Amino acid sequence: MANRHLAHDTPELRARWGSFAWTEENKAKADYHIAKYPPGRQKSAVMPLLDLAQRQVGAETDTQGWLPLPVMEYIADYLDMPVIRVVEVATFYFMYNLVPVGKFHVQVCGTTPCMLRGSDDIIAACKKRGMAKGEVSEDGLWTLTEVECMGNCATAPMVQINDGNYEDLTVERLDAVLDALAAGKEPKEGTQEPGRHTSEPSGGPTTLKDMVDANHDYRKEW
Amino acid sequence: MPKVTVDGQELEVPEGATVLQACELAGKEIPRFCYHERLSIAGNCRMCLVEVKPGPPKPQASCALPATEGQEIRTDSEMVKTAREGVMEFLLINHPLDCPICDQGGECDLQDQSVAYGRGGSRYNANKRAVTEKYMGPLIKTVMTRCIHCTRCVRFSEEIAGVDEIGALYRGEDMQITTYLEQAAQHELSANVIDLCPVGALTSRPYAFEARPWELKKTLSIDVSDAVGANIRLDSRGREVMRALPRINDDVNEEWLSDKGRYMVDGLTKRRLDKVFMRKRGKLTVASWEEAFQAIAKAKPGKSIAAVAGDMVDCETMFAAKALLGAMGSKLLEGRQTGMDYDVSSLAAVNFNSTFAGIETADAILIVGSNIRWEAPLVNVRLRKAVKNGAKIFIVGPHWETTFPAEFLGEDLSVLSKLPKAAADAFKGAERPAIIMGGAALAKGALGTGLAFADKFKLARDGWNGFNVMHFSAARMGGLMLGYAQKGGMADIAKAKPKVVLSLGADEMDFEPFADSLKVYIGHHGDKGAHAADIILPAASYAEKDGTYVNTEGRVQFAEKAVFAPGDAREDWTILRALADALGVDVGFDSFVQLQSAMIKAVPALGEEGLADYGALPKADSKAKAEGEISAYPIKDFYLTNPIARASAVMQQCSAELLHGDELKEAAE
């Protein structure tokens, strides 16, 4: 998961993002987050504000959004805290993008359960569609990232695309999801397994089977 | 007071102590990298693991574990030994084996501790991590591959310096210590992170590859770059001072040192006066000692001789000059070169009475006309601590960038007589109120008003004296104790039209009024004083002579001679002694010991290291009213305040890059 780096501080970057400021709507949200903390502890709100800023950048660029340095400086200024502390937080957490990403940020989980269930195939399929790790595809639509466990091990393998999780993937199912996204549709989030609702055991319960219909007292059977 | 057992030895430890501190009290050495007495506890290096019962059956980080009643601590068990070996092995996984080319070698915590606690070899044979160097300014050299992420530097800049600029970016194996956008660390204490760094990641840039610690002769000395009198150690090799490092003294500098005190030492070898010079036909030409002394004797000064002390001279030099002038029948002594003429009838009124350690406990502080960050960076650290303990600070004078929350009350001195309500309330309710008068306030004649302020708010009370004057010349308090003050300041000296003016390293004085006098400069650097002089007698700097210094809190401290002065330069007192012979008078001493005992006889306080007693504050004139505005502070450039610093290439670079960097950038565009 390494290979993260800050975007270079160039005059072009400053020209593009130097005048970043909250939209009216986001300003209200930012102040809402700040108000959660006691006065003087406003810097506790740095994480929701970074997320908010990333989303605003995303809205402006029609991507998932990222955090250019001037935007981090703006947040530091807004929270009256040293900018290095903001950068520390932004570089620590993987969900803050430090470089531009595509409209759809395809984050494939590659941790052990997903790997055992075939995440290597998922990554290969993504690459076959022209995605490369950490890069924006030519059409500006895709960025591929391999991430660590997203906590969906019961429905492995999975990808997270922007705010949605797509689970129980096969190469075909992934292609269907990506095609739908590319076509501007909203594919169903969550598990892609037909007949499965969430992360319940596929093929019906494997334990406490008697509890399915009514409350069953197991204590006699111990 | 919890009772604990350390390796079978039972002892009581203070409330709130950690297990590590308990072990230290028991005389056990606990290896550590991230833990530092003066910084917050991070607990991330894991080197201080010990076995503690009761507790989970695994080693615990002693630095972050509170000592509690009945703990059984073991530092010598097999578990502890293997734990230390394991941690050490992990730390060394990504640490390069470049000790032979590392400047930290020989004084490296990692090196020492891996010898003492490591397992002697590594089982790691995969690729090591490499990290790019980070630029941190002209003083700090970085080799970040060596960094073990103890975060001492991060905590220092955040907690002690109060300038949040170093941070740890990324995470895990990719973690990197850097400044934002690799900007230079811009504060007056930045180089202290070099001492704090337990490995060779942050080393001294000017000292890079200069010497090995075991080659150096260590001499205990006193920093003369400001009036704090930081305790330093001069490391010298041969005839050259290689570096200055802080010594620990909790009363004065804790264990920090300002960048100027640390890095002006390279100026000791540059622009030195190493020969006698005389002005002949308007031009300074090399001469001999005899010629020079004859010329001075030919001027037949008699009573008409004056001495002006510079900012960095020791008490012995000043006393020798005073003895010489006394033998000639003159009392024209002055040390306040820039013409200040505050009342010195009571030294308590011009002293930092609450002491540096004491100011930490103040709860309301008024700073009048002092840019403390530049005039005494180490006192600024104390003020920051005071604020952390809940003190309120108000400042009268132009705005400067504080490292703590403070309220500026404007530049008009009249505010002293009628404080705004919020400030007045803070002082009325304060248990330990204090005022700090800086040079800018003294120059405006605000001393009397300050004393009236002290009277009004009862700054001096039982066990507390909150009236403070902040000088910034190392020689000032010693000079005042030796009587280097005229009622009217330098103006009185000028009025007396002395035939001969002895300038004891005085470079900041105005030589204009002394156009008709024979100006003799006894100093060590070719600076303003030497340019104006008619005769230059090369003398020794603070590193080249024994001497007594008194800091702004009246603390008498003794500095030792580290190296010999270059060329023909002599220790100042010997020059004055020889001059006495040339002038045909007797000064009553023939050796340094005799001089020192004569000085101590005249001013007994100078014979005792520690705080001098100046008695109680004088009665204040309640009608005293200061007027006018403090438009500027005396120090225009922190890095170039004295002749040694001005001669230092490192200080010049600091000044150009850190203070005038923006102008440089503009010029380049």
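So, four elements of chain B each put at least two residues into the lining of the second largest pocket: α5 (192-196), β9 (202-204), β12 (240-246) and α6 (259-263). Before I go on, remember that this is a predicted model. Of those elements, the one to look at is β12(B), since the largest share of that lining, seven residues, comes from this strand.

How much space lies in the second largest pocket? About 890 Å³. There are 37 residues lining this pocket, and the closest to its centre are B:E107, B:D195, B:R243, B:L245 and B:R262. If you're thinking about the chemistry of the wall, the split is 16 nonpolar, five polar and 16 charged.

Now, where does that pocket lie relative to the domains? Domain 1 (3-93) and domain 2 (109-269) of chain B both give residues to the lining, so the second largest pocket lies between them.

While we're on domains, the assignment for chain B also gives domain 3, which comes in two stretches, 277-329 + 488-599, and domain 4 (353-469). Take domains 2 and 3 of chain B: their centres, over C-alpha atoms, are 38 Å apart. They do touch, with 24 residues of domain 2 in contact with 22 residues of domain 3.

There's a database label in this part of the chain too. An unreviewed UniProt entry annotates residues 216-272 of chain B as "domain: 4Fe-4S Mo/W bis-MGD-type". In the model, that stretch is 9% helix and 35% strand, and its end C-alpha atoms sit 22 Å apart.

OK, on to the largest pocket, with about 1600 Å³ of space. Its lining has 46 residues, and the closest to the centre are B:G162, B:V163, B:D164, B:E165 and B:E401. Two chains show up among the elements that give two or more residues: α4 (69-79) and α5 (83-92) from chain A, and α4 (152-161), α10 (372-375), α11 (377-388), α21 (649-659) and α22 (661-668) from chain B. Which element gives the most? That's α22(B), with five residues. By class, the lining has 18 nonpolar, 10 polar and 18 charged residues.

Next, a helix: α14 of chain B, residues 447-456. Seven of its 10 residues are buried, so the helix is largely enclosed by the rest of the structure. The buried ones are B:L447, then B:T449 and B:G450, B:L451, B:A452, B:F453 and B:A454. What covers them? The cover includes strands β17 (364-368), β20 (433-437) and β23 (467-469), along with helices α12 (421-429) and α13 (439-443), from chain B. One backbone detail for anyone who likes torsions: just after α14(B), B:K458 takes a positive phi of about 50°.

Last stop is a single residue, B:T548, which is in strand β27 (547-550) of chain B. Why does B:T548 count as buried? Because its relative accessibility is 3%, and the cut-off for buried is under 20%. Leaving aside neighbours within four places in sequence, B:T548 is in contact with B:D314, B:C315 and B:E316, with B:V556, B:Q557 and B:F558, and with B:Q596, B:M599 and B:L606. And here's a handy distance to check on screen: B:A559 is 11 residues away from B:T548 along the chain, and their C-alpha atoms are separated by 6.2 Å.

Methods: Residues are numbered from 1 along each chain as its sequence is written. Chains are lettered from A and ligands numbered from 1 in the order in which they are written. This is a predicted model: local features need pLDDT of at least 70, side-chain atom pairs count only at pLDDT 80 or more; totals for chains, interfaces and linings use all residues. Side-chain values use heavy atoms; hydrogens and water are left out. Buried means under 20% relative accessible area, exposed over 50%, partly exposed in between (1.4 Å probe, protein chains only). Contact means heavy atoms within 4.5 Å. UniProt positions are given in the numbering used here, feature names are shortened, and annotations may be inferred rather than shown by experiment. On a 1 Å grid over the protein atoms alone, a cavity is a set of points where a 1.4 Å probe fits but cannot get out, and a pocket is an open set with protein on both sides within 12 Å along at least five of seven lines; lining residues have an atom within 4 Å of a point. Grid points are joined across faces, edges and corners, and a volume is the space filled by probe spheres set on the points. Ala, Val, Leu, Ile, Met, Phe, Trp, Tyr, Cys and Pro count as nonpolar, Asp, Glu, Lys and Arg as charged, and the others, Gly among them, as polar. Domain bounds come from an automatic or database domain assignment.
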